[in-house]
Amino acid sequence: MPLEIVTVPCLTDNYAYLAHDAATGATAVIDVPEAAPIVNALHARDWHASHILITHHHGDHIDGVKALAAATGARVIGAAADRHRLPPLTEEVREGDTVRVGMSIGRVIEVPGHTVGHIAFHFPDSGVVFTADSLMALGCGRLFEGTPAQMWESLGKLAALPPETLVCSGHEYTQSNGRFALTIEPDNPALISRVKAVAEAREMGRATVPSRLGEELDTNPFLRANLPEVKRSIGMEGATDVACFAEIRARKDRF
Ligand code: ZN
Ligand code: FE
């Protein structure tokens, strides 16, 4: 049985997620920007947090971990590489390690770039990946610690997952990401219609995440830096994929 996924808005534009295994009652919380909205979302469903999965060390993803762990007794799981800057971990994980949430097995994917210790959690049987600030809806995280080459490789690992995979990312940045994406590919019909749908969703106050990996592959400029039409559009025909990715990321930083 696939995990049931709930998106929980936190702080001003962060998202945490609940992943609930109905067969066993196990419930993972992915990132804890603040405890209160997550406690409320759990209570509303009569769910109990059994696991806290941390994607990376930034405060807007971990500041509520200690409080939630104390209130629930949940196992806290995070990257071994970041143990020195994460709340106390019950379990440290690395690339390829698995985490079990009830009957569901999640696989750890190391996705350095935004930070060097950033990880994603992929649950293949549920077709869902928790990417936080690595792959984002129509975007990717800013390169605070990693290099463009690292982030390009990280995005490549995520891009290789099945296209129907649900991408659960960490922020409501999609609308401004879309405005930027149109500067790279103004004539991409899939992008134009997605930007329109995103504007409608925001007008209704709806979250624009999770998204489908397939639609990211069709519209997210950071996944498309290897395509001839994108290289041409940024005036970098013949440049390497990494150089084009770095240029698109640099333009976004100035946008
Ligand atoms: Zn971050
Ligand atoms: Fe963040």
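## How two helices cross

Angles between helix axes under 35 degrees count as roughly parallel, over 145 as roughly antiparallel, 65 to 115 as roughly perpendicular, and the rest as oblique. Keep that in mind as you look at this predicted model. Find helix α5, residues 174–184, and helix α9, residues 241–254: their axes cross at roughly 130° and come within 11 Å. The angle falls in none of the named ranges, so α5 and α9 are oblique to each other. Their crossing is right-handed.

## Who touches whom

Which residues make the contact between α5 and α9? On the α5 side they are Asn177, Phe180 and Ile184, while α9 brings Ile248, Arg251 and Lys252. Sorted by character, the residues of this contact are three nonpolar, two charged and one polar.

## The largest nonpolar core

In soluble globular proteins, nonpolar side chains tend to be buried together. Here, the largest nonpolar core has 24 residues. Those with the most contacts inside this core are Leu135, Leu155, Leu158, Phe222, Phe245 and Ile248. You have already met Ile248 in the contact of α9 with α5.

Three elements give two or more residues to the core: α4 (148–159), α5 and α9. The largest share, four residues, comes from α4.

## A closer look at Leu155

Leaving aside residues up to four places away in sequence, what does Leu155 touch? Its partners are Ser134, Leu135, Cys140, Phe222, Leu223 and Phe245.

## A second core

There is also a separate core, with 23 residues. Among its members are Leu3, Tyr15, Val108 and Ala137, which you can look for in the structure above.

Notes
Residues are numbered from 1 along each chain as its sequence is written. Chains are lettered from A and ligands numbered from 1 in the order in which they are written. This is a predicted model: local features need pLDDT of at least 70, side-chain atom pairs count only at pLDDT 80 or more; totals for chains, interfaces and linings use all residues. Side-chain values use heavy atoms; hydrogens and water are left out. Axes are lines fitted to C-alpha atoms, for helices over the stretch in contact, and angles run from 0 to 180 degrees between N-to-C directions. A crossing is left-handed if the near helix is turned anticlockwise from the far one by less than a right angle, and right-handed if clockwise. Contact means heavy atoms within 4.5 Å. Ala, Val, Leu, Ile, Met, Phe, Trp, Tyr, Cys and Pro count as nonpolar, Asp, Glu, Lys and Arg as charged, and the others, Gly among them, as polar. A nonpolar core is a set of buried Ala, Val, Leu, Ile, Met, Phe, Trp, Tyr and Cys residues joined through side-chain atoms within 4.5 Å. Buried means under 20% relative accessible area, exposed over 50%, partly exposed in between (1.4 Å probe, protein chains only).
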